[in-house]
Amino acid sequence: VRDPTQKSANAPSSDELKQNDNDNKKSLNMYILIHFAPDLSPVKQRMMYASSRPSLKAFLGASSFTEDYHCSDVADLTLKNIVDKRTLHHRIDFRSDAEMEKEQAALESVPTSASAQVMASLPIDIKDTAKAAIEKYKSDECKCVFLTLDGDTQQIEGAEQNASKIADIRGLLSETEPRYILFWYAKSKKDGSAEEEQKDQLGNKRIFGYFCPDKADRKLRFTYSTCKANVIEYCSSVQLELYSKVEMSSLADLNEEYLDYHIFPVSDKKEQFKLPKGPKASKKGKTKRKKINVDEL
């Protein structure tokens, strides 16, 4: 739009037109670029409009424009507001157009903060069958317990299994259904562990197994993974001491070699070598000075 302040303040008389006709014509042909950006409009669009103002003015002729007028409400689009913003001294902004455009673009850009989200565990409902099976496993009345999770209700059901060997447990599992398994396991063979560790690894140990096959339903695997921490926490709350935890992604992982490696990890031995002794320093004897007899001189 045409700049109303230029028209009202610089309206030339007939004498002035004769003296400086070109300058007065130029003053009457100054325009204002109004930038209307509602607060509820998309941020991306506001940023694009703000950044494209200089290009638009350059295409139309930057010398024909005065200070831009910014507003975010339709009520501000009045002649009075435009004139007041340019004539009142206490509202005069001494910054250049480039400085104001830079600030306007910064105000219209919304800063985003990076946040790390941690996957929270889902709440579970431990049914009576699971509680009874865990209690029997704790009191050594059964050797193996299968805990089944309902993917929709997050309810845990439990059942005793007549399986004392790894091969028996493997035969009861399916490649399409995850399971939580409480079982006993003894180390199958000796390795190069330290003597103290070998003593601690003797005998049957209580193990928590998480069987999550790759062929199982993706949503069900996700639910089992997010509820696993709550199942382990419940076992701790009933004073069930577990020696170790192991995860298996296929039936092939249910073998003694895999379980020995993950349940009884071998600690690296650090061999200590004696530092070589340095060469002994030769002791130099004290040389005695020969006494001089003055009488013989």
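Which residue in S8 is the bridge partner of Gly 209? Select Gly 209 and look across to S8: the partner is Val 246.

Before going further, note that this is a predicted model, where local features need pLDDT of at least 70, side-chain atom pairs count only at pLDDT 80 or more, and totals for chains, interfaces and linings use all residues. Residues are numbered from 1 along each chain as its sequence is written, and side-chain values use heavy atoms, with hydrogens and water left out.

**Stop 1: strand S7.** Select residues 204–211, which make up S7. Strands here are DSSP runs of E, at least two residues long, and helices are runs of H or I with at least four, numbered from the N terminus. Seven of the eight S7 residues are buried, so the strand is largely enclosed by the rest of the structure. Buried is under 20% relative accessible area, exposed is over 50%, and partly exposed falls in between (1.4 Å probe, protein chains only).

**Stop 2: the neighbours.** Add S6, residues 179–186: this strand pairs with S7 in the antiparallel sense over eight bridges. To count as paired, two strands need at least two DSSP bridges between them. Find Ala 186 and you'll see Asn 204 of S7 opposite. Now add S8, residues 244–248, which runs parallel to S7 and is joined to it by five bridges. Bring in helix H10 (residues 218–237) as well, and S7, H10 and S8 give you a right-handed β-α-β unit. Right-handed means that, with the strands pointing away from the viewer, the path from the first strand over the helix to the second runs clockwise.

**Stop 3: the rings.** There are six aromatic pairs in the structure. Rings of Phe, Tyr and Trp (its six-membered ring) pair if their centres lie within 6.5 Å; planes under 30 degrees apart are stacked, over 60 edge-to-face, and the rest tilted. Show Tyr 180 and Tyr 210, a tilted pair at 5.7 Å centre to centre with 35° between the planes. Tyr 180 belongs to S6 and Tyr 210 to S7, 30 residues apart. Tyr 180 is buried at 0% relative accessibility, and Tyr 210 is buried at 4%.

Next, pick Tyr 185 and Phe 264: their ring centres are 6.3 Å apart and the planes at 25°, so this pair is stacked. Tyr 185 sits in S6 and Phe 264 in the segment after helix H11 (256–263), so the pair ties together parts 79 residues apart in sequence.

Last selection: Tyr 180, Phe 208, Tyr 210 and Tyr 224, which ring pairs link into a cluster.
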